[in-house]
Amino acid sequence: MSPVPLQMHPVLKAFVCGSISGTCSTLLFQPLDLLKTRLQTLQSGRAGMVAVLFRVVRTESLLGLWKGVSPVSGSSNPDFKMTHTSKPTRYESGRFGYGSVYGALKSIYQTEGARGMFSGLTATLLRDAPFSGIYLMFYTQTKKLTPQVQLDPVLMPVVNFGCGIFAGVLASLATQPADVIKTHMQLSPEKYRRTSQAIAFIYKDFGLVGFFRGGVPRALRRTLMAAMAWTVYEQMMEKMGLKS
């Protein structure tokens, strides 16, 4: 007698697929997020991504590239990781000497209270809400332009990945300034009480180019992460008998 296949509600299937795809992609590309944070907080903008990469590995070991991964991977959706609190960002920056994510959380709460956990919330919302909308818009429109009926099913993951990369690049470029503002506000909440203060400081010290510091690793991470997540998600949904 053959075993009865496990039946799951379509909503539960979608949740499981999204959770697995989002977590895998977030863990895989976390080093790019750390590099982005380090580049945004450099006092001098001369160091490049590769130089920062080797510096982190040399001084903090290879595992140092995954600092802050615990709070980041807590969300099933890669576009809405828990970066509205300053605990991921400060731990990744390496400036505060936190021994653990818990230590960062405890220190922020003791010195700044609950408000310190939500530093840069406005900038985060200005970054994440447009990113998701822009990404989804270009992703779905690009997929509609591909002749999916004529394609070999084996090539569909490649098509989905390519659509995700295209959409991710555009969304990352459009929302990079908000990400830079968020980082500065989360690292120096006593200095930047308002978003306008952080904007004025960045422009005064670094000019317009300052709003795009760390843009390369962030674009790579967000693009590859979203593309991989959507590809894995759609393949899992197809295997479970559902269409995304």
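**Helix α2, helix α8 and a network of salt bridges**

Let me start with one pair of helices. Helix α2, residues 30-40, packs against helix α8, residues 156-187, at an angle of about 70°, and the two axes are 10 Å apart. That angle makes α2 roughly perpendicular to α8. Please keep in mind throughout that this is a predicted model.

As for how such a pair is described in general, two packed helices are given an angle between their axes and a distance between the axes.

Which residues meet there? From α2 we have Lys-36, Thr-37 and Gln-40, and across from them in α8 are Gln-176, Asp-179, Val-180, Lys-182, Thr-183 and His-184. By type, the residues of this contact are one nonpolar, five polar and three charged.

Now α2 by itself. How many of its 11 residues are buried? The count is 11 of 11, and the helix is mostly covered. The buried residues include leucines, namely Leu-32, Leu-34, Leu-35 and Leu-39, but also Asp-33, Lys-36 and Arg-38.

That brings me to charges. Side chains of opposite charge can pair when their charged atoms come close. A search of the whole structure finds seven salt bridges, and I will go through some of them.

The pair to begin with sits inside α2. Lys-36 forms a salt bridge with Asp-33, with the closest N and O atoms 3.5 Å apart. Both residues belong to helix α2 and are three residues apart, which is about one turn of the helix. On spacing in general: an α-helix has 3.6 residues a turn, so residues three or four places apart point the same way. Is this pair buried or exposed? Lys-36 has a relative accessible area of 3%, so Lys-36 is buried. Asp-33 is buried too, because its relative accessible area is 5%.

Next, Asp-179, which we met in the contact of α2 with α8. Arg-127 forms a salt bridge with Asp-179, and here the closest N and O atoms are 2.6 Å apart. Arg-127 lies in helix α7, residues 121-145, and Asp-179 in helix α8, so the pair ties together parts that are 52 residues apart in sequence. Both Arg-127 and Asp-179 are buried.

Asp-179 has another partner. With Arg-218 it forms a salt bridge in which the closest N and O atoms are 3.8 Å apart. This pair links distant parts of the chain, with Asp-179 in helix α8 and Arg-218 in helix α10, residues 215-239, at 39 residues apart. Asp-179 counts as buried because its relative accessibility is 0%, and Arg-218 is buried with a relative accessible area of 3%. Put the shared partners together and Asp-33, Lys-36, Arg-127, Asp-128, Asp-179, Arg-218 and Arg-221 join into one network.

While we are on α7 and α8, look at how these helices pack. Their angle is about 170°, with the axes 8 Å apart. α7 and α8 are therefore roughly antiparallel to each other. The residues of that contact divide into 16 nonpolar, eight polar and four charged.

Helix α10 has one more residue to point out, Arg-222. Arg-222 counts as buried, because its relative accessibility is 4%. In sequence Arg-222 and Gly-168 are 54 residues apart, yet from C-alpha to C-alpha they are 6.4 Å apart in space.

Now a detail of the backbone. Most residues other than glycine have a negative phi, and most peptide bonds are trans. What is phi of Ser-61? Phi is near 75°, a positive value, and the residue is not glycine. Ser-61 is in the loop between α3, residues 49-60, and α4, residues 69-72. With 37% relative accessibility, Ser-61 counts as partly exposed.

Last, the chain as a whole. The protein chain has 10 helices and zero strands. Of its 244 residues, 44% count as buried. Among contacts with a separation of 6 or more, 74% are between residues 24 or more positions apart. The accessible surface of the chain comes to about 12,900 Å², and carbon and sulfur atoms hold 68% of that.

To close, go back to Asp-179: this residue of α8 meets α2, pairs with Arg-127 and also pairs with Arg-218.

Key: Residues numbered from 1 in each chain as written. Predicted model: local features only at pLDDT ≥ 70, side-chain atom pairs only at ≥ 80, totals over all residues. Heavy atoms only, no water. Axes fitted to C-alpha atoms, helices over the stretch in contact; angles between N-to-C directions. Helix = DSSP H or I, 4+ residues; strand = E, 2+ residues; numbered from the N terminus. Parallel < 35°, antiparallel > 145°, perpendicular 65-115°, else oblique. Contact = heavy atoms within 4.5 Å. Nonpolar A, V, L, I, M, F, W, Y, C, P; charged D, E, K, R; others polar. Buried < 20%, exposed > 50% of the residue type's maximum accessible area, 1.4 Å probe, protein only. Salt bridge = Lys/Arg side-chain N within 4 Å of Asp/Glu carboxyl O. Areas by Shrake-Rupley, 256 points an atom, 1.4 Å probe, with all protein chains shown as cover.
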